[in-house]
Amino acid sequence: MAAIAVCLTMNAQTETTNKSWTFTSSPSSTDVANITADAANWKKDSKSRYCYINSLDNAALTANGQPISLTEGLNFTATANSNGNIRIAGSTKSLWLGNACKIIIPARQKGDVVTITYMTSNKSATRNLGLENIEGTFPATTGKTQQTGYGKVTADGDVTFIIEGGMYFYTLAVQDSASAEDNPQGGGDDPGNPDNPNDQKRGMTYTGGSINTPAPLDSAVVWCAPTGDDVTADGSETKPYFDLQLAVNKAKPGTTIKMKAGNYVYSKRININDRNGRSDAYITVMCPDGRAVLDFSGMPYHSHSDNPYQGIRLTSSYWHFYKIDITNASDNGMLIERSKPTGGSAQDVINRNQDAHDNIIEFCNFYKNGDTGLQMKNLASFNYVLNCDAYENKDEGDGDADGFAPKISVGDGNYFYGCRAYNNSDDGYDVFFKKDGGFQDNKTIVFENCLAYENGFINGVATKGNMNGFKCGSKQGRMNVVLNRCIAVNNGSKGFDQNHNSGDIIMNNCTGYSLLSFNGGKNAYSYRIYEALADGSICELTNCIAINDYSVKEPTDKGEYGSKKETKYGRVNVSAASKSVTNDWTCSEANFQSMDDYETLIGERQADGNLNWDNITWGHPKEDNAVVVDKGTAVSANSRYEASGVAVPAIENSGAAPDLGAFEQGLIAKKVNYATADAIETISQAPGSKKVSLVQAFNGMVIVNVNGGIAHDQYTISAYSTNGSLLGQHKFNGTNTSIYLPAANGVVLLKVTGNGVDQTIKAVMK
């Protein structure tokens, strides 16, 4: 097929300046008025686009004799067409160019950088941009995926992009060589490139008493701000970028991108491609002074199928996001996947082992996106999602948006800790695997201390989704799903759902709770694991509970607890469990401190992002309860998946044996420590309590002071390891005492209780 030219021609007489155009913005009211008054040149089509119907020859796009502000500074060449060969705005929110059109912009010099985002308007066609006077990376495009091209001008003068057929353009930016990043795309996909290394070491461990995430190296710092001006910005704190993409394009191993708190309204996807960090030099994107909210409400509308408009598409490795919120993306808030070349095969994805692994997503929120909040696919592996929330994600069909979704073609070793998925239109966590794309199944995923809450309901209204909490797989392939201390509460259909998965299902110390009132009295299950597994797969459930008030304590002939006669709680079916140890599927409400305040599970987190569940009463056993406390079975670290590099932590306990369910009496949940710092710091304090302070003496002792205490007050100081194991206790009277800290890798948690005191302090001693 003959190529049809769309040219970007640099006019030698025009002053060379940095400039960018965003074609997804709506025309100004002045532009609309001028277009309306210029019916001889303009018409409006069925997609509400403004269409220029006459010819242009290297001239500005005008209406009623005035330049269109959306394209001001550009000239166009186009043939006359009754439908218009130049179209702007409307439902596609883009600049559309038809056959043989040209865009002409001011001249650039050799070495200057051009960045352009584009997509063909025909889903059935794969098209490439031809290049004249520019060299770089300009991926082939279909109507399914928006592409970003980068290139350098090879000589002073005009630059031409040549395409076949019509094309949508979304953004265009030009930078002079003095201010442009030398290698804005990270040097291409060569894993030996220093800006795109192929490090395969695990970036983090989570099997110890606490989870320590890496500190930013700050070897280079790039700033973004909601008030940044991309035309004049250089990435410094005083001249920050607005566009995160410009900061991403500068990132190298060890770079920290600091986003000032506030709202960033974006109209295009952020692409993080071929720009890896290293296991010892993460690239960090963080908000140092609050939360950075990336609002993608400026994106064009796209139907749910094959939607290319994710908020962030992360195909690189060793990136660390901290205190970043993503909302209003047309598709996923964030998608983590290996890069697949246009027209490529599963083997092409398999070969890109440098992509999409060992990323850390910490203390981030994903909400009100048009599909899943955070999704992983195409062999994304060993990514760590810590203390994140995903809620109110909803597609236009009201039934296919999950909170978190490691699914379809996901890789091994992804780990979720302290996450909450609630009020999403489909499922909380979706592990639906599809083997038909050429990828192998039998992958392993680990969830720890995670919550699925009221999925299938948004603002109290039922959705059209599956309404499950933890969906553990599909009938299209095996997934090995491990859940430690996870909780499912009031999901519309099933809290813990096998969903035909024939792989391993291992659940330790989980809590299920399902009130029928949340789904209009229809059938609901707190657990449903009832189908046979594949040969070699196992279903092991240990120390789990279903909280209910069943009058009948025996399962029916279908293996179910509860029946349609029950009016308060949904049923339980765990008949497929090949190993069921010390579980209680009819655990009475009377064993717990409180049951009607489950909304505290989605209350405010602690300031550092950790869950506040140690300070609530819902689902916590009553003190020394005879049914729940110390009634479990010890669960060691699981080595079943060592061959694939996946670790499964042990279940820690504080008593003679583990308690049943997700909450352990006397156990302080392990913490995620951002940028692990050596310190003595207060990590929790009851409101109104007296203040406790610690001072380390030169001889290694720690002096404990109770400010405001009096001589006859009695106190207990309990020392825990960071995994919650009790190391020792010391009782004292009065206002102070001195203790030696027990050895625990230098870190202990000290809980001081007594007259007017309830405080926990982390002590890190050198």
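**Cysteines, a parallel sheet and two nonpolar cores**

The sulfur of Cys388 lies 4.8 Å from the closest cysteine sulfur, that of Cys364, which is too far for a bond. This distance comes from a predicted model, as do the other values described here. Because a disulfide requires two cysteine sulfur atoms within 2.5 Å, the separation of 4.8 Å between the sulfurs of Cys388 and Cys364 rules out a bond. A search of the whole structure likewise finds zero disulfides. Cys388 is buried, with a relative accessibility of 0%, and Cys587 is also buried, its relative accessible area being 0%.

Attention now turns to the strands. An open sheet is formed by 11 strands with parallel pairing, and its order is β21-β24-β27-β30-β33-β36-β39-β44-β47-β50-β54. At the edges are β21 (262–265) and β54 (584–588), each of which pairs on one side only. Averaged over the sheet, neighbouring strands are turned by 15° against each other, direction ignored. Strands of a sheet pair through backbone hydrogen bonds, either parallel or antiparallel. A helpful place to look at the pairing here is between β36 (residues 420–422) and β39 (residues 451–453), which run parallel and are joined by three bridges. Within this pair, Ala421 stands opposite Ala452 in β39.

The nonpolar interior completes the picture. The largest nonpolar core has 107 residues, and those with the most contacts inside it are Leu244, Met259, Phe321, Phe404 and Phe447. A second core, separate from it, has 36 residues, including Phe23, Leu70, Ile116 and Phe169.

Conventions: Residues are numbered from 1 along each chain as its sequence is written. This is a predicted model: local features need pLDDT of at least 70, side-chain atom pairs count only at pLDDT 80 or more; totals for chains, interfaces and linings use all residues. Side-chain values use heavy atoms; hydrogens and water are left out. Buried means under 20% relative accessible area, exposed over 50%, partly exposed in between (1.4 Å probe, protein chains only). Two strands pair if DSSP finds at least two bridges between them. Helices (H or I, at least four residues) and strands (E, at least two) are DSSP runs, numbered from the N terminus. Axes are lines fitted to C-alpha atoms, for helices over the stretch in contact, and angles run from 0 to 180 degrees between N-to-C directions. A nonpolar core is a set of buried Ala, Val, Leu, Ile, Met, Phe, Trp, Tyr and Cys residues joined through side-chain atoms within 4.5 Å.
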